[in-house]
Amino acid sequence: MDFTPTEEQEAARDLAARIFSDLATHERLTAAGTGTDAELWKALGAAGLVAAAEETGLLGLVLLLEEQGRSTAQVPFTATCVYGLLAVTAHGTDEQRGRLLPGLREGTAVATGAFPARGGVRADADGRLSGIVPFVPWLRDATLVLVADQDLGLWLVRVADARTDRVESTAPWSGGRLTLSGTPAEALGGPGAYQQVLAVARIAFAGLQAGVCAGSLARAVSYTSEREQFGRPLSTNQGVLLRAADAYMDTEAIRVTAYEAAWRHDEGLPFATHALNAAWWASEAGKRVVHAGQHLHGGLGSDLEHPVHRHFLWGRQLDAYLGCGSEVLDELGTLLVDGDAGTAEMEEPV
């Protein structure tokens, strides 16, 4: 394994870091409320960073998402890349790619996904969908939503053709409730496409969680290095050091498992179990890290207006999104026990 970024990946990551650092400030995030920062999203599209996700591989996307997570930038970057750009590229027809990809690359079209499937949507013989998905992140900004039916077939739905209702979640992800009532949809991909899109999404969101945790820990280190008690910095206390060290190890575990799964995907190797491994670390360890970040801020950690609280909210939302730790572990165990039968659909890399 070699996780060393290519020149293209490194350049894209550095550009993303500069844009997120300049535009995803605490003041702008506060002003955005629970919605999207439209100016930041436009800047990402203009800089070619959305399109870069298609060109730099899944490992390149994970590097970009780490930078988003570090600043908790409120843009539908991950959702548009995994449920739109990469899904259509991997599973779309030539006609779908030619029609949908230009807008997704530029950021003028926003995609999201009703994932994971919970069996609440049914498709009829005419390709119309009916059912309700209680929460879809970034639905209020989306032009397209990727939906799985009762048989795990994938469908692209124009959000304008469906009913959406505003839903607030733990993190400010501009989410909504999706109601489909005989809504027209177009099929995307064939058997196994759902499992592949879900695995790619789990890897990408694990990368996002690695950034959220790194940002939370960086704030805790800065605070405990400057804040003094009894004439010395808080960071000189053994209890603080150990808590921060554990959080650092957890963050590195999330990062390296996400890198490994993304690298295997890009190399054309089986990555189903590795995606679940990354998702488990992102859930279990991510939860520990954001709790530690808040704890190490002492009383400030309970201030809802403090920037570290935003990392806490994102970390908890990512902990449960696409399956909490116990659900992911159960799925991983089933996959391992079933052996070839369970992994067959995932052996064909995207």
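**Entry 1: Leu139**

I began with Leu139, which is buried at a relative accessible area of 1%. I keep in mind throughout that this is a predicted model. Leu139 sits in the loop between strand E3 (128-136) and strand E4 (144-148). I then asked which residues Leu139 touches, leaving out those up to four places away in sequence. My list reads Thr112, Val145, Val159, Thr164, Ser174, Gly175, Gly176, Arg177 and Leu178. I also looked up Gly315, 176 residues away from Leu139 along the chain, and found 20 Å between the two C-alpha atoms.

**Entry 2: Thr56**

Next I turned to Thr56, in the loop between helix H4 (49-55) and helix H5 (57-71). Is Thr56 buried or exposed? Its relative accessible area is 10%, so I wrote it down as buried, the cut-off being under 20%. A polar atom of the Thr56 side chain lies 2.8 Å from the backbone oxygen of Ala52. Setting aside neighbours within four places in sequence, I found Thr56 in contact with Glu8, Gln9 and Leu61.

**Entry 3: backbone oddities**

A reminder to myself: most residues other than glycine have a negative phi, and most peptide bonds are trans. With that in mind I went through the exceptions.

Thr72 has a positive phi, near 45 degrees, and is not a glycine. I placed Thr72 in the loop between H5 and H6, and its relative accessible area of 1% makes it buried.

Leu152 also caught my eye, with a positive phi of about 65 degrees although it is not a glycine. Leu152 is in the loop between E4 and strand E5 (154-158). Its relative accessibility is 32%, so I logged Leu152 as partly exposed, a class that runs from 20% to 50%.

Then I checked a peptide bond: the one from Phe115 to Pro116 is cis, with omega near -10 degrees. Pro116 belongs to the loop between strand E1 (111-114) and strand E2 (121-123).

**Entry 4: two helices**

How far apart are the end C-alpha atoms of helix H8, residues 193-226? I read 50 Å, which agrees with the 50 Å that its 34 residues should span at 1.5 Å a residue. H8 is mostly covered, with 27 of its 34 residues buried.

I did the same for helix H6, residues 77-91. Its 15 residues reach 20 Å from the first C-alpha to the last, close to the 21 Å expected at 1.5 Å a residue. H6 is mostly covered too, as 13 of its 15 residues are buried.

**Entry 5: cavities**

How many cavities of 30 Å³ or more are there? The count came to two. The largest cavity holds about 90 Å³ of space. H8 and helix H10 (272-295) are the elements that give two or more residues to the lining of this largest cavity. Among the lining residues I noted Arg202, Phe205, Ala206, Ala279, Ala282, Ser283 and Tyr321. By class, the lining of the largest cavity divides into seven nonpolar, two polar and one charged.

The second largest cavity has a volume of about 30 Å³. I wrote out its lining in full: Gln68, Val75, Thr78, Trp138, Trp173, Phe205, Leu208 and Trp314. Six of these are nonpolar and two are polar, and no charged residue is in the lining of the second largest cavity. I underlined Phe205, which lines the largest cavity and also lines the second largest.

Key
Residues are numbered from 1 along each chain as its sequence is written. This is a predicted model: local features need pLDDT of at least 70, side-chain atom pairs count only at pLDDT 80 or more; totals for chains, interfaces and linings use all residues. Side-chain values use heavy atoms; hydrogens and water are left out. Helices (H or I, at least four residues) and strands (E, at least two) are DSSP runs, numbered from the N terminus. The expected span of a helix is 1.5 Å times one less than its number of residues. Buried means under 20% relative accessible area, exposed over 50%, partly exposed in between (1.4 Å probe, protein chains only). On a 1 Å grid over the protein atoms alone, a cavity is a set of points where a 1.4 Å probe fits but cannot get out, and a pocket is an open set with protein on both sides within 12 Å along at least five of seven lines; lining residues have an atom within 4 Å of a point. Grid points are joined across faces, edges and corners, and a volume is the space filled by probe spheres set on the points. Ala, Val, Leu, Ile, Met, Phe, Trp, Tyr, Cys and Pro count as nonpolar, Asp, Glu, Lys and Arg as charged, and the others, Gly among them, as polar. A polar contact is a pair of N or O atoms within 3.5 Å; within protein, one must be able to donate a hydrogen and the other to accept it, and residues adjacent in sequence count only if both atoms are side-chain atoms. Contact means heavy atoms within 4.5 Å.
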